[in-house]
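Work through the exercises below with the structure at hand. Each task is followed by its solution.

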Amino acid sequence: MNPDEKRRVAVVGAGVIGVMSAWQLAERGFDVTVFDQWNTPNDRGASAGESRIFRTVYKEGAEYVPLLRKSLQLWRRLQENQSTKVLEMCGGLMIGHTWQADVAAVIDCAQQTGLEHRVLSTAEMAEEYPQFGLDEGEVGVYDPGAGVFRPELAVLAARNEGMRLGAAYRPYTRVLGIRPVRSGVMVDTADGPEAFDTVVVATGPWVNELSGLGRDVVVPRRLVAGWFPARDVPLHQPARMPISIRRHEEGGFSCFPVLDGAAVKILPHHLPWKDLDAPEDLPRLVEPETVRAAERAVERLMPGLEPTAIRVSTWTEGFAVDETPVVGPSPVDDRILLAVGMSGQGFKFSPMVGSVIADYAQTGSSDDAVAVMDSLRFSRGERS
Ligand SMILES: Cc1cc2nc3c(=O)[nH]c(=O)nc-3n(C[C@H](O)[C@H](O)[C@H](O)COP(=O)(O)OP(=O)(O)OC[C@H]3O[C@@H](n4cnc5c(N)ncnc54)[C@H](O)[C@@H]3O)c2cc1C
């Protein structure tokens with residue numbers, strides 16, 4: 001691209017998806033401006049909370065695997081360029097019975113794609129990973145291509161990499177509206193309107209206002225996590241404990257090794273993830289029965305942890321109605337690009353979402369776009 005003809009792109013939202021999009025767009029020579037109503041990183045949306053999981057053997061489907069492989073390359077490049085470690089490849093486990101849907105799905109994904117994996121029996125799990133309590137007949141499916149992120153540092157690294165390549169950040173600047181006009185797309189803030197060639201909507205759970213998707217296509221939902229002290233801390237650190245997803249009739253959760261020097265983070269899946277009217281409605285206080293239910297699951301399934309939550313936090317995430325991310329042109333105007341509704345999955349493949357968005361900005365299409373994430377599936381009536 002000729003520097004004199006740089007096309008202007010606005011990115012609305014500087015969570016992980018916005019900062020990755022800004023990095024990828026700046027790298028391809030666009031003149032990028034990123035707006036966020038808060039600073040970057042912030043803990044108001046979906047991209048904070050100490051840890052996130054990367055997995056390659058993907059229960060959600062083999063079609064995501066190429067995206068995940070390319071994402072890992074971009075994560076590595078980001079770490080190298082910024083001389084910072086944001087992803088530790090500690091491996092991952094899916095734990096449960098092979099007849100359970102998610103356990104069967106990871107084995108199926110590994111077999112379809114030829115990805116390296118191991119199925120450990122109950123006895124092998126007790127020998128290699130005594131941190132996890134298994135019932136007779138349960139297995140652990142080990143994915144060596146899994147790891148744990150430091151999300152706040154990752155967002156910061158991608159922001160800095162984008163800025164190094166020329167992206168400008170406008171913190172504490174809420175975008176009030178996006179208006180396609182003949183010559184471009186206007187972005188309205190309290191400072192007045194500004195014209196861009198393309199606008200990327202990466203507003204996480206704040207999606208309905210600006211996306212042009214219908215009111216109920218993506219909803220903000222509350223997620224809760226608790227931290228439980230490890231009796232043997234080194235045994236529960238990433239060098240010895242993989243990230244894991246547990247499936248069990250008495251509780252299901254994501255489990256993150258000790259990063260704070262004391263406690264394992266548990267994110268329960270078996271407790272309701274409440275829908276919110278707006279991310280601003282997120283209750284920061286968690287009701288005692290939710291905490292108690294998480295503690296019972298830990299007591300039953302994690303023998304090396306104190307079953308008492310010493311810290312509890314809540315966050316919002318945008319969930320699409322089909323629990324699948326929404327990436328591509330807006331149904332309103334193809335100069336508006338959507339990367340929203342990440343549905344609890346977005347951190348791991350965020351650099352590739354950024355790259356796909358940069359493809360769309362450059363050429364109007366992307367060879368890396370994953371069909372199930374197609375942003376036009378709702379307006380075509382394919383999903384509801
Ligand atoms: C608790 C939890 C655990 C998770 N675990 C995992 C995991 O283990 N692995 C994984 O891959 N994914 C995981 N996810 C999902 C992943 O973290 C999210 O998909 C991802 O962080 C979404 O990022 P985002 O940029 O879309 O949204 P956000 O991080 O919410 O960013 C949106 C940004 O837009 C800004 N904004 C909104 N509206 C406006 C406006 N009008 N003007 C200006 N700025 C605006 C907000 O201030 C915010 O900073 C998890 C999510 C949560 C909540």
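**Exercise 1.** Find which atoms of I17, D36 and A46 lie close to an oxygen atom of the ligand.

Solution. Step 1: take polar contacts, here pairs of N or O atoms within 3.5 Å. Step 2: in this predicted model, a backbone N or O atom of I17 is 3.1 Å from a ligand oxygen atom. Step 3: for D36 a polar side-chain atom lies 2.6 Å from an oxygen atom of the ligand, and for A46 a backbone N or O atom lies 2.9 Å from one. Step 4: on its own the ligand has 1000 Å² of accessible area (Shrake-Rupley method, 1.4 Å probe), and the protein covers 98% of the 1000 Å².

Residues are numbered from 1 along each chain as its sequence is written. Local features need pLDDT of at least 70 and side-chain atom pairs pLDDT 80 or more, while totals for chains, interfaces and linings use all residues; side-chain values use heavy atoms, without hydrogens and water.

**Exercise 2.** State how much area is buried between domain 1 and domain 2.

Solution. Step 1: the domain assignment, automatic or from a database, gives domain 1 as 3–49 + 152–216 + 322–373 and domain 2 as 90–146 + 219–319. Step 2: buried area is the accessible area (1.4 Å probe) lost by two parts on being put together, summed over both. Step 3: the value is about 1300 Å², with 47% from carbon and sulfur atoms.

**Exercise 3.** Which residue forms a salt bridge with E323?

Solution. Step 1: look for a side-chain nitrogen of Lys or Arg within 4 Å of a carboxyl oxygen of Asp or Glu. Step 2: R221 is the partner, with the closest N and O atoms 3.1 Å apart.

Key. Polar contact = N/O pair within 3.5 Å; in protein donor to acceptor, adjacent residues only side chain to side chain.
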